[in-house]
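Student: I've got this model up on my screen and I'd like to talk it through. Can we take it piece by piece?

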Amino acid sequence: MKAYFTYFKLKFISGLQYRSAAWAGIATQFFFGFVYVMIYIAFYDSGGENLPMNIHQVITYLWLNQSLLALVNQFSKDQELFKMVKDGTISYELARPKNLYFMWYFKVLGQRLSNVVLRFFPLILVTSLLPKPYTFGGPSSLFNFLLFLISLTIGTLLVTALTVLYPIITLTTMSEKGIVNIMISIADILSGLVVPIPFFPLFLQKISKFLPFQYISDLPFRIYVGNVDILFGIHGIFIQTIWFIIIVFFGFSLMKKNLKRVVVQGG
Amino acid sequence: MKIYVKALGMHLKSELEYRVNFILSFLSQILVFFTYYFVILSLFTKFSHIKGFSLWEVLLCFSIIQFGFSFNEVFARGVDKFDELIIRGDFDLLLIRPRNILLQVLCSDSDFVKVSRIIQAIIVLILSIIHLDIQWNILKVFTLFLMLVSSCVIFFGIFLMAASYCFYTIQGLEVRNVFTDGGKQMAQYPIGVFQKGFVLFFTFIIPYAFVNYYPLLYLLGKKEQYYYGLSPLLVFLYLIPCIMMFYQGMKRYTSVGS
Amino acid sequence: MSFIEVKQISKTFRVAKKKSGLKEAIKSFFKREYLIVKAVEDVSFSIDEGEIVGYIGPNGAGKSTTIKILSGILNPDFGECKIAGMTPWKERVKYVKNIGVVFGQKSQLWWDIPAEDTFDLLRDIYEIPEEEYQSTKNDLIKKLNLEDIINIPVRQLSLGQRMRCEIAASLLHNPKILFLDEPTIGLDAVSKQLVRDFIKRLNHEKHTTIILTSHDMSDITTLAKRIILIGNGKVLYDGSLKKLKDQYETETTVYVKTKDKLDIRKKGILKKSKTKDGYQLLVQTKELSISKLLPLLSRKIEIEDIEIENESIDQIIVKLYEDYQI
């Protein structure tokens, strides 16, 4: 267990080195967030019917999305793992007396947390100081906030498991272009990364109920802004946990299976 | 020109070396592109208009910006990826050739997969033109043409500016995403829906508004004055400082080194 | 005036100081401290048309900076440089038509397509007339043995094959001057030999002026008669390789195989020791040349076999670097 923690720590610390990238990331996210916020305000000003969230909830949701983007997105792939798979340096890793799946898992987790730590606080600080209606609002209640923390934690574990899955699939396809990239862009849409899920067309909302993606960030964000009732939130956290276990189990066994192939091929 | 066309051909040939990959990437780009207008489509299921612009009006705006951006990714990729050229040290190889540097930079890279985005942008453009009831006249056709060209020009200028920055340092280069991706994201909507300060900034500092807002107003008949239709011409002026900056940066590179 | 005339070239770089720690990082974000590094200082030399010059020095001595200046990539802070009547950094486009450059660590070939496609592009870039292009290309193909490899995507070539293609690509426009920056790095013995033979032949037949840097001293010894040694940005030695050898190659070990007992005492023999089947002598060649030693030995003993071990050029260079403290 200690070895896995060391992996986590190493990745976390080396991630903290990239400060100039982080500052640039903050600027970008702030700009993007601001653009989205203005677009929603413009839409809300123009009037609409049966809107699933009020404008303040939407804006807070958007800012949460931007400031936690490094944590909850799937498109920023862990290049190191993909490279390892493609150029065969994976054999080095196989030579180590630890389970490769969990080594990867903790690497990715460390990477994601260090990325988000550098970006989250400045963004949240600045956006809470913005004047109304642009401001990032507080949680709808203390209890909501606690639930938010729990579900964000599980969401993080879930998204890490999903991110580790992609290089594992690449073990069979040998290139992440194509299938894997297609999967990732679908996953990101269905996570609510581009549009909050309540704004989806109805049929898509129904589909995403049966998929793990909306439990990454959409659930915790909506708990925070108070867009779902407490019971629904607790129920969601329960499903989240189940998905997390399923994906880890799936990734773990898929890796075992795919590695056998790699060894047979002599890759 | 002959060299540029030849280099493009060679890039295509290189990419076709990995046929399966090429086709799959091409397909995945279609999906990635879809995520872009998914936002717009979704929001328009809940709202009927944004500050008076209908779905198809927004999509027209969107397709013009996407067209210009993707066009640059295919045909001016070398400028977009200029930082890599500097980091690899391959820029030195361009300096030992007896040709214009900017031309050689243009020749240095191309991403043909992004042709799929160009095609989609054109499809969206055609669909929105069909759905919109535009009172066409010769000037309006010309305006549409200018919008497409100026969209290519503005992204080229921004890429070129970012490339000039690479001559000094590549630290914090990610900021360019604010102006490229961020600008693209924003300019998918008619700039007028944004706050005043934004509109001013993107009119006078980075002239996105001349690409697809003022001419759009003319095209849709929201403004009658002909100079709205001709306003994309101003974007060409914007190229001048960008090109100057690039050559300034190059001068510095040859005197300071990498 | 010589073909290549370099006068008192100096070039300094500013390197940003990097300190660790968040505080320092923020500080340096606003105000950077720089170190001034003198890459080359007061470098002068002249080279005649048709010469092959080995340009040597340890890592970081200023070799590649000089090559970059000579090929028009960098301009110096001070100094003049006239090559074929032109100043490289002032008339870049006109000047670079006259030179070819091979960077051993970089590739000018397109990775995924056959080298011949790159050649065709270079023809257009250099505006080489078709007829001339064909004949130069065929000539290079023949001499560098490229028939079977120019139609294969470059990524599938071995390093040696690729380097041969790189050299060909640099010569398609028949440059008067060829800069070779570590052209044999990473190559196997056979490829190295092929490359060296070709360079020799090129110089001989076309009278191409060649400036060569390499860390492999056998490249230098087989190709260059003259070397320029640079260290800490300054020219430390400029002259024939032979003179340098004479100056530094002062001790030679001689192994003699014999059954007889050797009793020899002479000025110049520094050490004598018995080996399994003979003797080992350390000779100071300034005092006693080998040609004098041999008759001396054969008079005293019956020599079954003799082996003379010269100091390798690498050892000489190490000594040289030590002497100059670089």
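Student: Where in chain C is C:Glu127 found?

Tutor: Keep in mind that this is a predicted model. To place C:Glu127, look at the helices on either side, α4 (115-125) and α5 (130-143) of chain C. C:Glu127 sits in the loop between α4 and α5 of chain C.

Student: Is C:Glu127 buried or exposed?

Tutor: Count the C-beta neighbours inside 10 Å: C:Glu127 has 12. The cut-off for exposed is 12 or fewer. With that count, C:Glu127 comes out as exposed.

Student: And what is the phi of C:Glu127?

Tutor: Phi is positive here, in a residue other than glycine. For C:Glu127 the value is near 50 degrees.

Student: Which element holds C:Gln8, and what is its phi?

Tutor: C:Gln8 isn't in a loop; look in strand β1 (residues 4-16) of chain C. C:Gln8 has 13 C-beta neighbours inside 10 Å, so it counts as partly exposed. C:Gln8 is not a glycine, yet its phi is positive, about 45 degrees.

Student: In chain A, which peptide bond is cis?

Tutor: Go to the loop between α7 (100-129) and α8 (142-173) of chain A, where A:Pro133 has its place. The bond leading into A:Pro133 has omega near 0 degrees. The cis bond therefore runs from A:Lys132 to A:Pro133.

Student: How many residues of helix α11 of chain A are buried?

Tutor: Helix α11 spans residues 218-225 of chain A and is mostly covered. Its buried residues include A:Leu219, A:Phe221, A:Arg222 and A:Tyr224. Just after the helix, A:Gly226 takes a positive phi of about 75 degrees. The buried count for α11(A) is 8 of 8.

Student: Which strands stand at the edges of the open 4-strand sheet in chain C?

Tutor: The order is β11-β12-β10-β13, with antiparallel pairing. Each edge strand has a single partner, so one side of each is left without a neighbour in the sheet. From one strand to the next the twist averages 15 degrees. The edge strands are β11 (269-275) and β13 (305-309) of chain C.

Student: Which residue in β12(C) stands opposite C:Thr253?

Tutor: Strands β10 (residues 251-257) and β12 (residues 278-284) of chain C run antiparallel and are joined by 7 bridges. Opposite C:Thr253 in β12(C) you'll find C:Leu282.

Student: In the 6-strand sheet, what is the bridge partner of C:Val53?

Tutor: This sheet is open, with mixed pairing and the order β5-β6-β7-β3-β8-β9 (chain C). Within that order, β3 (residues 52-56) and β8 (residues 226-231) of chain C pair in the parallel sense over 4 bridges. The partner of C:Val53 in β8(C) is C:Arg226.

Student: Which helix packs on that sheet?

Tutor: Look for a helix touching β3, β6 (177-181), β7 (209-213) and β8 of chain C. Its direction makes about 155 degrees with that of β6(C). The helix is α2 (residues 63-70) of chain C.

Student: Which helix supplies the largest share of the side of chain B that touches chain A?

Tutor: The contact takes 31 residues from chain B and 32 from chain A. On the chain B side, α2 (19-46), α10 (176-179) and α11 (181-187) each supply at least two residues. That side divides into 15 nonpolar, 13 polar and 3 charged residues. The largest share, 14 residues, comes from α2(B).

Methods. Residues numbered from 1 in each chain as written. Chains lettered and ligands numbered in written order. Predicted model: local features only at pLDDT ≥ 70, side-chain atom pairs only at ≥ 80, totals over all residues. Buried ≥ 20, exposed ≤ 12 C-beta atoms within 10 Å, placed from the backbone. Pairing = 2+ DSSP bridges. Axes fitted to C-alpha atoms, helices over the stretch in contact; angles between N-to-C directions. Contact = placed C-beta atoms within 7 Å. Nonpolar A, V, L, I, M, F, W, Y, C, P; charged D, E, K, R; others polar.
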